[in-house]
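Please work through the following exercises with the sequence and the coordinates at hand. Each task is followed by a solution in steps.

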Amino acid sequence: MQINEKQLALVNERLKAIIESDNYFGRMYKEMGITEIKTPEDFKKLPFVDKAELRNAYPLGIQAVPDSEIVRIHSSSGTTGKPVIIPYTAKDVDDWAAMFARCYETAGITKNDRIQITPGYGLWTAGIGFQAGCEKLGAMAIPMGPGNTEKQLQMMQDLKSTVICATSSYALLLAEEINSRGLKDNICLKKGVIGSERWSDKKREYISNELGIELYDIYGLTEIYGPGIGVNCNLQTGMHYWDDYLYIEIIDPVTGENVEDGEEGEIVITTLVKEGAPLLRFRTHDLSRIIPGECPCGSKYPRLDVIKGRSDDMFKVHGVNMFPSQVEELLGTVDGVSSEYKIDIAHDEEKNRDIILLTVEAEGRVNFDKTAETIKSLFKSKMSVTPKVAVVSVGTLPRSEKKTKRVFDHRED
Ligand code: ZN
């Protein structure tokens, strides 16, 4: 989706403010001789901003206003190295709440609702974002924060919560508890607002059925306000996002070129009105696509598809981009196969083609040869590649408490 005139004017206002502030990016643009963006084509030449640069600017190097205007900071959880600190002005905080309230409204939530908020409060943007949006909407916030399932269930019943905000795993845990304790008739939940991450349809169906609620994916990241920059409507046709606050592009994560609407790629976000820490062309590494056309719900806000995964995890074979999430989805449909797997990719010089070796675990009760054949034909029909498949006993592949590395690309070895 090409940047429109109004958005371009806002980008130029931000660019001017960044340069005048002489912050980390202001100095970068000055050095590159960038002072104004005249056309949509010029905009595409603007360099991307990556999380590594935000780390370089730690702690407050990306702040673009004087200290006196900053009212709050948030921080993204750095799994490696320094965290990223994002400063907010009063207007940023208010804009974020307004966007979040719009998310609730899009999900059909009103000021008569009682919203139980289970994401964490503190340095990260989750809990407080859900709370500020709720107050802006005028609904009743029940600010629980994470954990303490006993108390969650008690408050949920006593206060008759109608909306639950949670991560998908915590929503699942609550659904399981409500199911096993037979509490379903005592709860008044109608909707769940779930922080957008990659989660399986199986899990979604279970939560939705057990709790008898509609589920809404809410999108966002700390670097760009936090959660609340997009949400799906009741037609479940993708997440509407707020293009009056943000300009979103989808790029090929490898070449950095913009892709056509409808094509998958990496989400790149430009903040149009953010003051404390404006970002132009921030690479999120989240993978999705812009859904072309208008939603039948009548909303004019454009749509992003559900998040497919992270570009950092993507691999390319025979010119086809593949994600671990797709592999997981396929394996999830095969009987007796565990969720552990390993992918080795190599290049056959003689035949000049890539080879994929997929190692999966299966329970002893299933026939390993048949299972391998099933997986092969599934891959062929769904992903247009035929891997070599090795089936091993459950427990053979290494387990890790951290994120397990599953894809090993030997082509550059
Ligand atoms: Zn819609």
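The exercises below concern a predicted model.

**Exercise 1. The overall fold**

Determine whether the radius of gyration of the chain agrees with that of a compact globule.

Solution.
- Step 1. For 413 residues, a compact globule would have a radius of gyration near 22 Å.
- Step 2. The chain has 23 Å, and therefore the value agrees with the globule rule.
- Step 3. The C-alpha trace spans about 65 × 60 × 40 Å along its principal axes, and the chain contains 11 helices and 20 strands.
- Step 4. Buried residues amount to 50% of the 413 residues. Of the contacts with a separation of 6 or more, 64% are between residues 24 or more positions apart.
- Step 5. The accessible surface is about 19500 Å², and carbon and sulfur atoms contribute 49% of that surface.

**Exercise 2. The zinc site**

Identify the protein donors of the zinc ion, and establish which arrangement their angles give.

Solution.
- Step 1. The donors are Cys233 (SG), His240 (NE2), Cys295 (SG) and Cys297 (SG), at 2.1 to 2.3 Å from the ion.
- Step 2. Along the chain, these donors follow the spacing C-x6-H-x54-C-x1-C.
- Step 3. Cysteine 233 belongs to the loop between strand E8 (226-232) and strand E9 (239-241), whereas cysteine 295 belongs to the loop between strand E12 (282-291) and strand E13 (303-304); the pair therefore ties together parts that are 62 residues apart in sequence.
- Step 4. Cysteine 233 and cysteine 295 are both buried.
- Step 5. Four donors count as tetrahedral if all angles lie between 85 and 135 degrees. The angles at the zinc ion are 100 to 116°, so the arrangement is tetrahedral.
- Step 6. For comparison, the ideal angle for four tetrahedral donors is 109.5 degrees.

**Exercise 3. Two loop residues with polar side chains**

Decide whether glutamine 63 is buried or exposed, do likewise for threonine 162, and state which polar contact each side chain makes.

Solution.
- Step 1. Glutamine 63 is placed in the loop between helix H4 (51-56) and strand E1 (70-76). Buried means under 20% relative accessible area; with 11%, glutamine 63 is therefore buried.
- Step 2. A polar atom of the glutamine 63 side chain lies 2.8 Å from the backbone oxygen of valine 65. Beyond its neighbours within four places in sequence, glutamine 63 contacts Ser21, Asn23, Ile70, Pro87 and Gly276.
- Step 3. Threonine 162 occupies the loop between helix H7 (149-158) and strand E5 (163-166), and its relative accessibility of 11% makes it buried.
- Step 4. The side chains of threonine 162 and aspartate 113 form a polar contact of 2.6 Å. Outside its neighbours within four places, the contacts of threonine 162 include Arg114, Cys188 and Lys191.

**Exercise 4. Backbone geometry**

Locate the cis peptide bond between tyrosine 58 and proline 59, and describe the surroundings of lysine 160 and histidine 285, which have positive phi values.

Solution.
- Step 1. The cis bond joins tyrosine 58 and proline 59, with omega about -5°; proline 59 is in the loop between H4 and E1.
- Step 2. Lysine 160, not a glycine, has a phi of about 55°. Lysine 160 lies in the loop between H7 and E5 and, with a relative accessible area of 46%, is partly exposed.
- Step 3. Histidine 285 has a phi near 65°. Histidine 285 is in strand E12 and is buried, with a relative accessible area of 15%.

Technical notes. Residues are numbered from 1 along each chain as its sequence is written. This is a predicted model: local features need pLDDT of at least 70, side-chain atom pairs count only at pLDDT 80 or more; totals for chains, interfaces and linings use all residues. Side-chain values use heavy atoms; hydrogens and water are left out. Donors are N, O and S atoms within 2.8 Å of the metal (3.2 Å for Na, K and Ca); water is not among the atoms, so sites may look incomplete. Four donors count as tetrahedral if all angles lie between 85 and 135 degrees; four count as square planar and six as octahedral if opposite donors are over 155 degrees apart and all others between 65 and 115; anything else is irregular. Helices (H or I, at least four residues) and strands (E, at least two) are DSSP runs, numbered from the N terminus. Buried means under 20% relative accessible area, exposed over 50%, partly exposed in between (1.4 Å probe, protein chains only). The radius of gyration is taken over C-alpha atoms; the globule rule is 2.2 Å times the number of residues to the power 0.38. Contact means heavy atoms within 4.5 Å. Accessible areas come from the Shrake-Rupley method with a 1.4 Å probe; for residues, only the protein chains shown count as cover. A polar contact is a pair of N or O atoms within 3.5 Å; within protein, one must be able to donate a hydrogen and the other to accept it, and residues adjacent in sequence count only if both atoms are side-chain atoms.
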